[in-house]
Amino acid sequence: MYWMAWGFQPYKWKYSAPFKIFPRQGNCRWRLYCFQSICSVVISTHFEVHENALPELVEAEEVERADAVSTAVRWVNETITEELRGIEPSNQAGVDQVLRIFFENKVQEDKERKELEKSLEDSTVPVPSPLTQPPPPPLPPDKKKGQKQGRRDTFTEKPILPPEPDEHVLCGSMAIGAVSLAVAKTGAMLDGNPLYLNIALLKHHQEQPAKLTLPLLMVSLVSCGKASPGKLNLMKELICIPHPGLTAKQGVEMLLEIQKHITKTIEMPPPPKTETKRGHNGGKRGQQQIIGKMSHLGCLTINYDTIEQPLLLIQGICANLGLELGRNLHLAINCAAHELMDYSKGKYEVMMGTYKNAAEMVDLYVDLINKFPSIIALIDPFRKEDSEPWDSIYDALGARCYLIAGTASKSISKLLEDGNIGVLKYSGLIIKHTNQTTMSDLVEITNLMDSKKHIAVFGSTEGESSDDSLVDLAVGLGVRFIKLGGLSRGERVTKYNRLLTIEEELVQNGTLGFTEEHTFFYLNEEAEKAAVAGELPEPLELIFPTEVLEESTRT
């Protein structure tokens with residue numbers, strides 16, 4: 001006989017709080033137990049990892065993180081435990097509904113508290129007397145003789161929009177996502193199922209799918225972003241994607257070999273070169289020593305000065321290994337445009353001292369993909385505030401490249417609240433399990449993306465933990481890609497190992513599905529309107545990167 005919330009231990013079970021929570025390195029560990037531990041869950045906070053950050057910023061975030069964890073602990077121990085008492089762990093939708101209502105009430109309490117604080121603050125602010133009123137603004141200057149209304153002497157660029165304020169994250173919200181995942185893991189263990197199968201059942205209305213396909217790997221091999229020591233800022237991550245026809249194991253082995261050669265290249269001293277008056281990039285003598293260090297992303301941070309250098313590095317290594325870019329593997333770039341904007345100049349600093357406006361950025365991306373057609377995805381090529389550049393780059397590249405919004409996207413909760421994922425013109429989104437995101441939310445957002453022909457990328461947070469549950473979530477949800485960072489660092493290697501284990505299980509059970517080739521759904525205005533109306537657009541022209549590569553070779 002099983003009872004009592006999610007633990008469902010025998011009736012002789014002596015009551016104690018179902019959850020024990022252990023804060024650890026900014027993450028929150030949740031252990032569900034009765035006589036013995038049933039499962040543990042680690043959920044990462046939403047805080048980004050800031051390299052070379054000021055000590056004051058780091059200290060402030062640590063205080064905020066500790067407050068978020070302690071609030072989450074209090075929510076679980078004081079309220080959530082009681083509200084979920086008696087609900088079976090197999091009823092994931094019911095659990096998530098209780099959690100959603102609880103969170104909405106907390107949001108309302110927070111809103112009322114802030115309104116009260118603001119009203120008290122306003123009542124204490126003295127009203128300025130008429131004598132201290134500011135002077136009226138000056139009158140506009142007279143028009144020059146012959147100047148027409150609305151015309152300017154010189155063309156000025158459209159001013160950039162300031163950054164939108166960060167979405168408010170309610171302190172303690174990680175309790176919702178953690179408890180939802182804990183219930184899912186508990187239900188799976190009590191049913192004798194792997195977590196990915198229970199998530200697949202949740203997505204498919206409790207009907208077990210005949211086949212499950214593994215998400216394609218997006219593996220970070222090189223980082224040349226804003227924090228790198230070289231001049232290049234544009235490539236926060238240069239990502240490799242093994243061909244869909246390869247197994248996950250074959251893909252990992254291939255990328256490990258490439259990573260090994262990258263390390264050898266970095267360790268190799270530069271070849272002796274005849275010194276000239278001006279070096280390769282005009283002003284340096286000889287060739288620069290390449291140095292690299294392991295980043296928190298699990299890949300090497302390298303000091304490169306031009307956009308082509310890291311791409312040529314991978315291209316050369318693949319040629320030496322007998323691999324063909326565009327056939328055996330493809331590339332993606334995490335541009336992290338929000339980190340590149342210089343607001344004083346209103347332009348993106350793609351390389352140190354090299355600034356480009358939005359139109360020039362579109363041209364840069366088009367030229368880059370024309371030159372390297374094996375690039376099939378750009379992540380965050382623009383900020384979320386730059387809707388017009390997103391339209392422009394989608395029109396230019398949407399038929400042969402995935403344009404993915406990561407940081408440029410809203411949170412899952414906000415997207416579901418608005419009911420619209422098409423605010424910007426993109427091909428897909430990076431979704432993450434963090435804060436108040438429940439298992440039901442993940443199912444709902446992926447269903448919405450599937451209906452709009454958007455691809456889903458399941459990503460890990462930057463301050464990642466060693467919990468490998470997100471791999472099960474990605475497999476169960478049937479997302480197209482999984483982005484776990486590089487092949488180094490224990491917290492990331494654990495997840496790759498979990499993916500390989502799931503692949504072996506599916507092969508043994510005969511339930512591993514076939515992964516389709518890369519296809520691109522370019523949606524014109526009519527198709528976009530149909531998608532917004534909820535109608536499934538017919539795929540337009542299916543374009544394969546290998547065909548683009550062959551066509552560019554012929555031309």
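How many cavities of 30 Å³ or more does the count come to? The count comes to four cavities. The model behind this figure is predicted.

## The chain overall

The protein chain has 555 residues, and 49% of them are buried. Its secondary structure comes to 14 helices and 16 strands.

Take the contacts with a separation of 6 or more. Residues 24 or more positions apart account for 71% of them. The chain exposes about 28300 Å². Carbon and sulfur atoms supply 53% of that area.

## Nonpolar cores

The largest nonpolar core holds 99 residues. Leu234, Ile258, Ile262, Tyr365 and Leu378 touch the most other members. A second core is separate and has 21 residues, including Ala68, Val76, Ile87 and Met174.

What does Leu234 contact beyond its neighbours within four places in sequence? Its partners are Cys224, Ile307, Ile333, Asn334, Cys335, Leu340, Val350, Met361, Leu364 and Tyr365. Tyr365 is thus a contact of Leu234, and both are named among the core members with the most links to other members.

## Helix H4

H4 spans residues 195–203 and is mostly covered, with nine of its nine residues buried. Those residues are Leu195, Tyr196, Leu197, Asn198, Ile199, Ala200, Leu201, Leu202 and Lys203. The list includes Asn198 and Lys203 alongside residues such as Leu195 and Ile199.

Which helices do the buried residues of H4 pack against? They pack against H2 (92–124), H3 (174–191), H10, H11 and H12 (490–509). After H4 comes His205, with a positive phi near 55°.

## The second largest cavity

This cavity holds about 100 Å³ of space. Its lining has 14 residues. Tyr394, Ser427, Lys453, Phe520 and Phe521 lie nearest the centre. By class, eight lining residues are nonpolar, four are polar and two are charged.

Lys453 deserves a second look. It sits in the loop between H10 and strand S15 (455–459). Its phi is positive, about 60°, although Lys453 is not a glycine. Is Lys453 buried, exposed or partly exposed? Its relative accessible area is 32%, so Lys453 counts as partly exposed.

## Another positive phi: Asn435

Asn435 lies in the loop between strand S14 (428–431) and helix H10 (439–451). Its phi is near 55°, a positive value in a residue other than glycine.

Why does Asn435 count as buried? Its relative accessibility is 10%, and the cut-off for buried is under 20%. Lys453, at 32%, is partly exposed.

## The second largest pocket

The second largest pocket holds about 810 Å³ of space. It is lined by 29 residues. Nearest its centre lie Asp450, Gly478, Val479, Arg480 and Glu516. By class, the lining has 14 nonpolar, eight polar and seven charged residues.

Which elements each supply at least two residues of this lining? They are H10, S15 and helix H11 (469–477). The largest share, three residues, comes from H11. H10 and H11 also appear among the helices that the buried residues of H4 pack against.

Conventions
Residues numbered from 1 in each chain as written. Predicted model: local features only at pLDDT ≥ 70, side-chain atom pairs only at ≥ 80, totals over all residues. Heavy atoms only, no water. 1 Å grid on protein atoms, 1.4 Å probe; cavity = no way out; pocket = protein on both sides within 12 Å on 5 of 7 lines; lining within 4 Å. Points joined across faces, edges and corners; volume = space filled by probe spheres on them. Nonpolar A, V, L, I, M, F, W, Y, C, P; charged D, E, K, R; others polar. Core = buried A, V, L, I, M, F, W, Y, C linked by side-chain atoms within 4.5 Å. Buried < 20%, exposed > 50% of the residue type's maximum accessible area, 1.4 Å probe, protein only. Contact = heavy atoms within 4.5 Å. Helix = DSSP H or I, 4+ residues; strand = E, 2+ residues; numbered from the N terminus. Areas by Shrake-Rupley, 256 points an atom, 1.4 Å probe, with all protein chains shown as cover.
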